[in-house]
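Trainee: I would like to learn how the terms used for a protein structure are justified. Could we go through one model together, setting each value against its rule?

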Amino acid sequence: FNVPATDNATTNGCAGSSSCVLTVNGAFAAGGTNTLGITYQAVRPHPSQFVSGAPTFIGGAAIFGAGPAPTPQIATGTYNDDYLLHLTYATFDTQYHSNVTYDSTGTITSWTRDNGSLNTVGQPGPAAESGSVADGIGWSRWLDTNNFASNAPNLAKTGRHLVSGPLATNLPASGTVNYELIGQTKPTDRAGNLDPGTFSGSLAVDFASRKVGFDFAVAIGDRGWAMKTTGGSANPNSGGYNITASNGFAGNPVVTGTTAASCTTSCFGNVQGALFGNGASHVGAGFTISDGTLIVSGVGAFGKP
């Protein structure tokens, strides 16, 4: 941008000189609006115009940074008519009209199926694997007290993985957004034999073509996998999943083993999810991986940068 400036000096400045020019030029740094740089200059173009021996040019530069972004508010209370994905035993249990309740810490404590039946937490998983953003998204790992006794020695290694949010409204008509991973559950195996693993990844949405692309990395025990759409998050239009009219998506990604013990016979993956919030502020995704007799599942939560 370019902004004409005004000299306020009454002496030794530009006052009274029609030939004096003051300008300020600036631009935002690449990648956002958090950093702004400017240059400024005052010019008296005629060599004969000196003030007490002062030069005919004065200039400089400055950099300004925005303050820290405000911390998003957590979800509390009950959100009605939300999307909710429940993953257990590698089964996708998807609800499009769920009433989801959060406690005062922003953790999911109950949810309903579309038919109204209530599901409540039997035993919560680690607090670090639960989180939420008000009006955007929530995620959690409950321990699987449906299939394991409350005193089972391997209960802590089990998981009922949840991701939920209000289905997206006011989606952009064009452009691509690269979402950041803001939370996830640790992947668990259906038998609870292995210590919970790790999940990382990137995800992008091309809103013009309504395509979702992603690159996920999953590991547990001595196994590891890369899961992706054909073009990954770098190119959602290459094999990316179509976004449905209800703003959900699903498909079978490309799965490759990243350790010697992985995919020695066959590997198969499944990913489902949805866009959440005003302007598609968030994306939630659940995944399963079948590697021989091992079945692993988990969820990830993504937000706009």
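Mentor: What follows is a set of questions and answers on this structure, which is a predicted model.

Trainee: What makes Cys 263 and Cys 267 a disulfide?

Mentor: A pair of cysteine sulfur atoms has to lie within 2.5 Å, and the sulfur atoms of Cys 263 and Cys 267 are 1.9 Å apart, so the pair meets the rule. By this rule the count comes to 1 disulfide. In general, a disulfide is a covalent bond between the sulfur atoms of two cysteines.

Trainee: Why is the disulfide of Cys 263 and Cys 267 called left-handed?

Mentor: The torsion about its S-S bond is about -105 degrees, and so the disulfide is left-handed.

Trainee: How do you know whether Cys 263 is buried or exposed?

Mentor: Buried means under 20% relative accessible area and exposed means over 50%; Cys 263 has 23% relative accessibility, so Cys 263 counts as partly exposed. Cys 267, with a relative accessible area of 23%, is partly exposed as well.

Trainee: Where does Ala 29 lie, and why is Ala 29 called partly exposed?

Mentor: Ala 29 belongs to the loop between strand 2 (21-28) and strand 3 (35-43). Its relative accessible area is 36%, which falls between the 20% and 50% limits, and therefore Ala 29 is partly exposed. Ala 29 and Gly 65 are 36 residues apart along the chain, while their C-alpha atoms are separated by 9.9 Å.

Trainee: Why is the pair of Tyr 83 and Tyr 96 called edge-to-face?

Mentor: Ring centres must lie within 6.5 Å for a pair, and planes over 60 degrees apart count as edge-to-face. For Tyr 83 and Tyr 96 the centres are 5.2 Å apart and the angle between the planes is 85 degrees, which fits the edge-to-face class. Tyr 83 lies in strand 5 (residues 77-88) and Tyr 96 in strand 6 (residues 91-102), so the pair ties together parts that are 13 residues apart in sequence. Tyr 83 is buried, with a relative accessible area of 1%, whereas Tyr 96, at 31% relative accessibility, counts as partly exposed.

Trainee: What makes the pair of Tyr 83 and Phe 276 tilted?

Mentor: The centres of these two rings are 5.6 Å apart and their planes stand at 50 degrees, so the pair is tilted; that angle is neither under 30 degrees, as stacked would need, nor over 60. This pair links distant parts of the chain, with Tyr 83 in strand 5 and Phe 276 in strand 20, 193 residues apart. Both Tyr 83 and Phe 276 are buried. The count of aromatic pairs comes to 8.

Trainee: Which residues make up the aromatic cluster?

Mentor: One aromatic cluster is formed by Phe 199, Phe 214, Phe 216, Tyr 241, Phe 287 and Phe 302.

Trainee: What belongs to the largest nonpolar core?

Mentor: This core has 28 residues, and those with the most contacts inside it are Tyr 179, Leu 203, Phe 216, Val 271 and Leu 275. Several strands each supply at least two of its residues, among them strand 12 (176-184), strand 14 (198-206) and strand 20 (267-276). The largest share, 5 residues, comes from strand 15. A second, separate core of 12 residues includes Tyr 83, Leu 85, Leu 87 and Val 163. As a general tendency, nonpolar side chains in soluble globular proteins are buried together.

Trainee: How do you know that strand 15 and strand 16 are paired?

Mentor: Pairing needs at least two bridges, and 6 bridges join strand 15 to strand 16, so these strands meet the rule, and they run antiparallel. One of the matches places Ala 219 with Gly 224 in strand 16 as its bridge partner. The two strands form a hairpin with 2 residues between them, and Gly 221 in the turn has a positive phi of about 55 degrees.

Trainee: Why do strand 8 and strand 9 stand at the edges of their sheet?

Mentor: The open sheet has 7 strands in the order 8-7-6-5-11-10-9, with antiparallel pairing. Strand 8 (118-120) and strand 9 (131-133) each have a single partner strand, so one side of each is left without a neighbour in the sheet. The twist averages 30 degrees from one strand to the next.

Notes. Residues numbered from 1 in each chain as written. Predicted model: local features only at pLDDT ≥ 70, side-chain atom pairs only at ≥ 80, totals over all residues. Heavy atoms only, no water. Core = buried A, V, L, I, M, F, W, Y, C linked by side-chain atoms within 4.5 Å. Buried < 20%, exposed > 50% of the residue type's maximum accessible area, 1.4 Å probe, protein only. Helix = DSSP H or I, 4+ residues; strand = E, 2+ residues; numbered from the N terminus. Phe/Tyr/Trp six-rings, centres within 6.5 Å; stacked < 30°, edge-to-face > 60°. Axes fitted to C-alpha atoms, helices over the stretch in contact; angles between N-to-C directions.
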